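Here are a few exercises to work through with the structure open beside you. Try each task before reading its solution.

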Amino acid sequence: MVVKRHLAAATAVFVALGAGTGLAVAQEASQSPVQTTAPSAAPQPAPAQVPASQGSSTQPVVSAPAAPTAVQTIPGMPPVINPANLYSETAPDHINPEVAQDPARVYVPNLRSNDVSVIDPATSKVVDRFPVGKSPQHVVPSWDLRTLWVTNNAEGTTNGSLTPIDARTGKPGPAVAVDDPYNMYFTPDGKSAIVVAEARKRLDFRDPHTMALQQSVETPDCKGVNHADFSIDGRYAIFTCEFGGHLVKVDTVNKTVMGYLKLSSGGMPQDILISPNGKTFYVADMMADGVFMVDGDSFKEIGFIPTGVGTHGLYPSRDGTKMYVANRGSHKIHGKPHSKAGGVTVIDFATNKIVANWPIPEGGSPDMGNVSADGKTLWLSGRFDDVAYQIDTEDGSMKKIPVGAEPHGLTVWPQPGRYSIGHTGILR
């Protein structure tokens, strides 16, 4: 396997275009028009001591460490408790009591068999399987954490739909007709669902409960728009453009495109994840075989970390110190099973260094997923192998669980956190 480094800076071309019901914790946070949050107490490095001049009786001067700056969020968004770690509220001991009553399950959407496999993580066995719409891509937890939406984008047709799964019972309800829902996100204030209409090069802002259309944002230069993450203050989101090698930055308040960024090389950006301190966006690129680093505010490429063939999904550890990178083992959209290049790379957020590599035994195709509530297991779909991987986050050992045909964006439930911003369960 040949891995390339891509360190050339990219040029951002800015293009200006014209212009529910949550859990109690999130509801309380949404009442103030402007949110200013103070950092929570966190371990700080020892203060530096400056020695006094020789012969002076002056005592050493102690300089206090600078505290993280409070984050001023958009109106209605729950506060950022710890600006140094926006994942602080997704630690294992932060699970909402209401959510904790939901059955522990892994929901796996099977793209080609048009159904969802339900795994009991305690037994590592499929305990249920039900049909959904055509071409289910992802299982997306709602902003209020009470519904798990299956995005059925009905590839090649106009018959897209969203299938709601009741998080308490694990059972599906009647589908809602929605055009081309490849993926779905929620604005951090909970006011809108964002249906990612990949084939239409469009973002549809919808009511987060009824899915009634509120407003559409065209992204004409973002071919294959599909994955996203939001700034720490909720003011913008960055979406990846899979078939154009671009990123697009979107103003979530005014619902306008702020600009495009062409990555320096590679060409097929996939998942995207923000760093714990909110400064860097990591972009998985399956042709570049690694992760680009982008400064979100300036919207400039600042680095690259080679990981493995077909870099695809990105997930933070429960303590917010590491990032799990799924390398699908192929540059093809429809690859072959049992790729010897398939595996997981673990990156330390603080140093941006690789600290572990976990190859899939006998080959595989790890794609999308998430981390268990206790942080001990990484769950990923095996896209070309019709399995789900149950991976121990301590040592990388794993089990393979047979599911339906071509599993994609699985979610793990329940999860700790106050609210979801979508995809396979990006909670904060």
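## Warm-up

Of the 428 residues in the protein, 58% are buried (buried means under 20% relative accessible area, exposed over 50%, partly exposed in between, with a 1.4 Å probe and protein chains only). This is a predicted model, in which local features need pLDDT of at least 70 and side-chain atom pairs count only at pLDDT 80 or more, while totals for chains, interfaces and linings use all residues. Residues are numbered from 1 along each chain as its sequence is written, and side-chain values use heavy atoms, with hydrogens and water left out.

## Exercise 1: the overall make-up

Find how many helices and strands the protein has.

*Solution.* Start from the DSSP runs: helices are H or I over at least four residues, strands are E over at least two, and both are numbered from the N terminus. The protein comes to 2 helices and 33 strands.

## Exercise 2: an open sheet

Work out the strand order in the sheet that holds S10 and S11, and say which strands stand at its edges.

*Solution.* Begin with the central pairing: S10 (residues 147-152) and S11 (residues 161-166) are antiparallel over 6 bridges. Two strands pair if DSSP finds at least two bridges between them. For a landmark, look for Val150, which stands opposite Thr163 in S11. Next, extend the view to the open sheet of 4 strands, whose order is S9-S10-S11-S12 with antiparallel pairing. S9 (136-141) and S12 (176-177) are at the edges, and each has a single partner strand, so one side of each lacks a neighbour in the sheet.

## Exercise 3: a hairpin

Describe how S25 and S26 are joined, and where the turn has a positive phi.

*Solution.* First take S25 (residues 311-316), where 6 of its 6 residues are buried. Then trace its antiparallel partner, S26 (residues 322-327), joined to S25 by 5 bridges. Within this pair, Leu314 stands opposite Val325 in S26. Finally, follow the hairpin through the 5 residues between the strands: Gly320 in the turn has a positive phi of about 70 degrees.

## Exercise 4: the disulfide

Locate the disulfide and determine its handedness.

*Solution.* Searching the whole structure gives 1 disulfide, defined as a pair of cysteine sulfur atoms within 2.5 Å. The partners are Cys222 and Cys241, with sulfur atoms 2.0 Å apart. Cys222 lies in the loop between S16 (213-218) and S17 (225-230), and Cys241 lies in S18 (residues 236-241), 19 residues apart. The S-S torsion is about -105 degrees, so the disulfide is left-handed. To finish, check the cover: Cys222 is buried at 0% relative accessible area, and Cys241 is also buried at 0%.
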